[in-house]
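Visitor: I should like to take a close look at a single part of this structure. Please describe one strand and its surroundings, and then place that part within the chain.

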Amino acid sequence: MKIADTFTQGTQPISFEIFPPKGDLSLEAAHTMARELAALEPDFISVTYSAGGSGNSSATADVAHMIQAEFGVPVMAHLTCIGLTEAMLAERIADMKAKGIENVLALRGDRVAGSEAKDFLYAKDIIGSLSDEGFCVGAAAYPEGHIECEQLELSVEHLKQKQDAGAAFFVSQLFFDNRYFYRFLEACLGAGICAPITAGIMPFLGKAQIQRMVFMCGASLPSPIVKLLAKYEDDPESLRKAGIEYACAQLTDLQAHGVDGLHVYTMNQPDIACATVGALRGMRGAAFRKPCWR
């Protein structure tokens, strides 16, 4: 199933990401996790690809194929381009086709110390090739701008270039303040971006994790989170619970505002997916507020 089609059925797709820490997610571990996630009936599951094309790069298609074949859930395989040559891209395309993968999230990938980009500098450079090969191609969106890009307007311009190259939908980077996402959607509409943009939310589970995420992604840390970090500094269990509750509140607000879709970065923890789905499906049937960007 083409993921872009899930946005045209008058629904808000709910999706999860399997994120292999350090690229070492085994097929057996992924199978157990996928079974629990599939039971929640997501619209699709995405499978990440390690930075620079190392680590789990060869396993991404295997995990995606397993989820789709065994659990009947549409999948999206991530593909980073920063370490790819033209020949390697052709190999990846052939492998994904052989495994029945129809959806690909095209990414640049994190820069890896000591390595250089090869035949492709940016995600937009591989989107056209993937689209021409029949894949439904998604790409990343940055509600507060890419960390390497000082101007939000320029990040939006780059998003438009991805759409023009053939991206059929976008998945946003994590953010902790929904107001930034709504502002971003307005900017995208003004720039002529019409492909659906699904909002990516990651719960904060601990102080070290959120500090790492803020440093890596450049996401703003709103005062309510700072207060929660201070309140539960010596109570990791309560902080984790508060982080999941905060993410659920973000998601239900986004749902009520009628955003295109909702994507949960589960960090390989099915209880996070279960909590967020419970909150979202508890809101189903509530009237949407009029979207401010449509």
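Guide: The account below begins with one strand, follows the chain into the loop after it, and then turns to the wider fold.

The model is predicted. Its secondary structure comprises eleven helices and eight strands, and the strand chosen here is β4, residues 103–107. β4 is mostly covered, since five of its five residues are buried. The cover lies on both faces: Asn103, Leu105 and Leu107 are buried on one side, and Val104 and Ala106 are buried on the other.

β4 has a pairing partner in β3 and another in β5. Strand β3, residues 75–80, pairs with β4 in the parallel sense over four bridges. Within this arrangement, Leu79 stands opposite Ala106 of β4. Strand β5, residues 136–141, also runs parallel to β4 and is joined to β4 by four bridges; here Asn103 stands opposite Cys136 of β5. The connection from β3 to β4 involves helix α4, residues 86–98, and the three elements together make a right-handed β-α-β unit.

Beyond β4 the chain enters the loop that leads to α5, residues 124–132, and Arg108 is found in this loop. Is Arg108 buried or exposed? Arg108 counts as buried because its relative accessible area is 14%, which is under the 20% limit for that class. The side chain of Arg108 makes a polar contact of 3.1 Å with the side chain of Glu148. Leaving out residues up to four places away in sequence, Arg108 touches Thr80, Cys81, Ile82, Leu121, Tyr122, Ala123, His146 and Glu148. Glu148 therefore appears both in this list of contacts and as the partner in the polar contact, while the limit for a contact is heavy atoms within 4.5 Å.

Leu121 belongs to the same loop between β4 and α5. With residues up to four places away again set aside, Leu121 touches Cys81 and Arg108. Leu121 and Gly83 are 38 residues apart in sequence, yet their C-alpha atoms are 9.0 Å apart in space.

The wider chain gives this part its setting. Buried residues make up 53% of the 294 residues. Of the contacts with a separation of 6 or more, 81% are between residues 24 or more positions apart. The accessible surface of the chain comes to about 13100 Å², and carbon and sulfur atoms account for 53% of this surface.

In soluble globular proteins, nonpolar side chains tend to be buried together. The largest nonpolar core of this model has 95 residues, among which Ile67, Leu130, Phe181 and Ile197 touch the most other members. Helix α10, residues 236–256, supplies the largest share of this core, with eight residues. Apart from neighbours within four places in sequence, Phe181 is in contact with Pro143, Ser172, Phe175, Ile197, Thr198, Ala199, Leu254 and Val259.

Two residues elsewhere merit a note on backbone geometry. Most residues other than glycine have a negative phi. Glu41, in the loop between α2 and β2, has a positive phi near 55°. Met267, in the loop between β8 and α11, likewise has a positive phi, of about 55°. Glu41 counts as exposed because its relative accessibility is 60%, whereas Met267 is buried, with a relative accessible area of 17%.

How values were computed. Residues numbered from 1 in each chain as written. Predicted model: local features only at pLDDT ≥ 70, side-chain atom pairs only at ≥ 80, totals over all residues. Heavy atoms only, no water. Helix = DSSP H or I, 4+ residues; strand = E, 2+ residues; numbered from the N terminus. Buried < 20%, exposed > 50% of the residue type's maximum accessible area, 1.4 Å probe, protein only. Polar contact = N/O pair within 3.5 Å; in protein donor to acceptor, adjacent residues only side chain to side chain. Pairing = 2+ DSSP bridges. Right-handed = clockwise from strand over helix to strand, strands pointing away. Core = buried A, V, L, I, M, F, W, Y, C linked by side-chain atoms within 4.5 Å. Areas by Shrake-Rupley, 256 points an atom, 1.4 Å probe, with all protein chains shown as cover.
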